[in-house]
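The following exercises concern strand pairing, an enclosed cavity and charged side-chain pairs. Please attempt each task before reading its solution.

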Amino acid sequence: MKRFISYSIILLSLMIYSCKDKSVFTLSGAITNPGSLKKVYLIQADSSTYNIVDSTNLSEDGKFQLKHPAPYANLFKLRIGSTIFDMIAKNGDAINFSTNLTDTAHAYAISGSDDSEKIKEFNKINDTYGKQMGKIVDEYRSKAEKIGHESDSLVNVYRPGFEKILNAQSEAILAFANANKSSLAGFYAVTALDQNKFEQQLIAYADAIKGNFSDNPAVQRFIRAMNEIKPVSVGHKAPDFATVGLDGKPVKLSDYKGKYVLIDFWASWCAPCRQENPNVVKQYNIYKSKGLNILGISLDVDKEKWQQAINQDKLSWNHASDLKNFQGPTEVLYQINAIPSNFMIDPQGNIIAKNITGGDLEEFLNKTFNKSQQ
């Protein structure tokens, strides 16, 4: 009899499991102290955008249920009032969610989705560092109010502390992503990193998750993008190119064989490029006698404006351009999707640094050209 009961329980469990609707996921929620809130909204991640895909009314006791198709595991956001809660769901999931709307910390409980628990861990990392950065911002604003205006010198006082926290946050995110390569939460974490600073790590991550999440379009786009950019990443040979100099003569990267050269992609219309130019001029004047060369590649389409910007910014190094914006063959070869962008090439033709600006450029050049003095 006991064995019969045991088999019956197992059979019943299998029947319940098989009866689950696998064409949708179910999100059942309970909100304590909803106040005047009447409705909740489900938002779905779609590439780099988010769209409201479903909504439902709250019951009188603050409960709700949503059913929505998700043929592959994907990031969703639940909007309750002005608060957003992240989760990862796929068809067949039965997710339970609860929160107290009067809780200023916006704590919540979620079950029925392991990836949702992971994304919750990731958000805790951001919250921790976000609070630290918030304190610095508040201190700066308080000081600025006392003197009655914004101040560059005051910004410079607080910038190092802010950047230190930002770097620590990025390292924590990277560690989380690497520890969760089998979870979609790890993917969404790693895509929060600055590609300019973490390109090598992102390429390595893409290689590590190949074969995973094959049905998720965002993951597959990321893997393809990293594969495309790999040939022009740090550690690879810089591909040769031929373009046209300001004087109309041909210019090739191979002209700089055996030399250090910084390939600097910029344009007269690019405000961040023009803001960085004084720093590049300063560093060039310091290190040109030690072997630094610069080749400016402009994305301008108007030669006259290109020439004017060179003269105005006092850019005394060599310049070239196909005058084809982002569609120029050199830009396509080097996967230029945003500017300013630069590549430091060593005498052996290897890419040894990429997208270094400001203090990072100064520090890199100091280490590179003062090795013999260290």
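Two strands are taken to pair if DSSP finds at least two bridges between them. The model examined here is predicted.

**Exercise 1. The open sheet**

Determine the strand order of the open sheet of four strands, and locate its edges.

*Solution.*
1. The four strands follow the order 4-1-7-8, and their pairing is mixed.
2. Strand 4 (63-68) and strand 8 (108-111) each pair on one side only, which makes them the edge strands.
3. From one strand to the next, the twist averages 15°.
4. Between strand 1 (residues 25-32) and strand 7 (residues 94-100), the pairing is parallel and extends over seven bridges.
5. Within this arrangement, Asn100 in strand 7 stands opposite Thr32.

**Exercise 2. The cavity**

Establish how many cavities of 30 Å³ or more the structure holds, and describe the lining of the largest cavity.

*Solution.*
1. There is one cavity of 30 Å³ or more.
2. The largest cavity contains about 60 Å³ of space.
3. Its lining includes Asp264, Cys273, Glu276, Pro340 and Thr357.
4. Helix 7 (271-287) and strand 14 (341-345) each contribute at least two lining residues; helix 7 gives the most, with four.
5. By character, the lining residues comprise three nonpolar, four polar and two charged.

**Exercise 3. Salt bridges**

For the pairs Glu199 with Lys354, Asp93 with Lys90, and Lys367 with Glu363, state the separation of the N and O atoms and decide whether each partner is buried or partly exposed.

*Solution.*
1. Side chains of opposite charge can pair when their charged atoms come close. The structure holds seven salt bridges.
2. In the salt bridge of Glu199 with Lys354, the closest N and O atoms are 2.9 Å apart. Glu199 belongs to helix 5 (residues 195-208) and Lys354 to strand 15 (residues 351-354), so this pair ties together parts that are 155 residues apart in sequence.
3. Buried means under 20% relative accessible area. Glu199, at 6%, is therefore buried, and Lys354, at 10%, is likewise buried.
4. Asp93 and Lys90 meet at 3.4 Å, N to O. Asp93 is buried because its relative accessibility is 12%, whereas Lys90, at 40%, is partly exposed.
5. Lys367 and Glu363 have their closest N and O atoms 3.3 Å apart. Both lie in helix 10 (residues 358-369), and, being four residues apart, they are separated by about one helical turn. Lys367 is partly exposed at 46%, and Glu363 is partly exposed at 42%.
6. Finally, Asp207, Lys210 and Lys230 are joined into one network by salt bridges that share partners.

Methods. Residues are numbered from 1 along each chain as its sequence is written. This is a predicted model: local features need pLDDT of at least 70, side-chain atom pairs count only at pLDDT 80 or more; totals for chains, interfaces and linings use all residues. Side-chain values use heavy atoms; hydrogens and water are left out. Axes are lines fitted to C-alpha atoms, for helices over the stretch in contact, and angles run from 0 to 180 degrees between N-to-C directions. On a 1 Å grid over the protein atoms alone, a cavity is a set of points where a 1.4 Å probe fits but cannot get out, and a pocket is an open set with protein on both sides within 12 Å along at least five of seven lines; lining residues have an atom within 4 Å of a point. Grid points are joined across faces, edges and corners, and a volume is the space filled by probe spheres set on the points. Ala, Val, Leu, Ile, Met, Phe, Trp, Tyr, Cys and Pro count as nonpolar, Asp, Glu, Lys and Arg as charged, and the others, Gly among them, as polar. A salt bridge is a side-chain nitrogen of Lys or Arg within 4 Å of a carboxyl oxygen of Asp or Glu. Buried means under 20% relative accessible area, exposed over 50%, partly exposed in between (1.4 Å probe, protein chains only).
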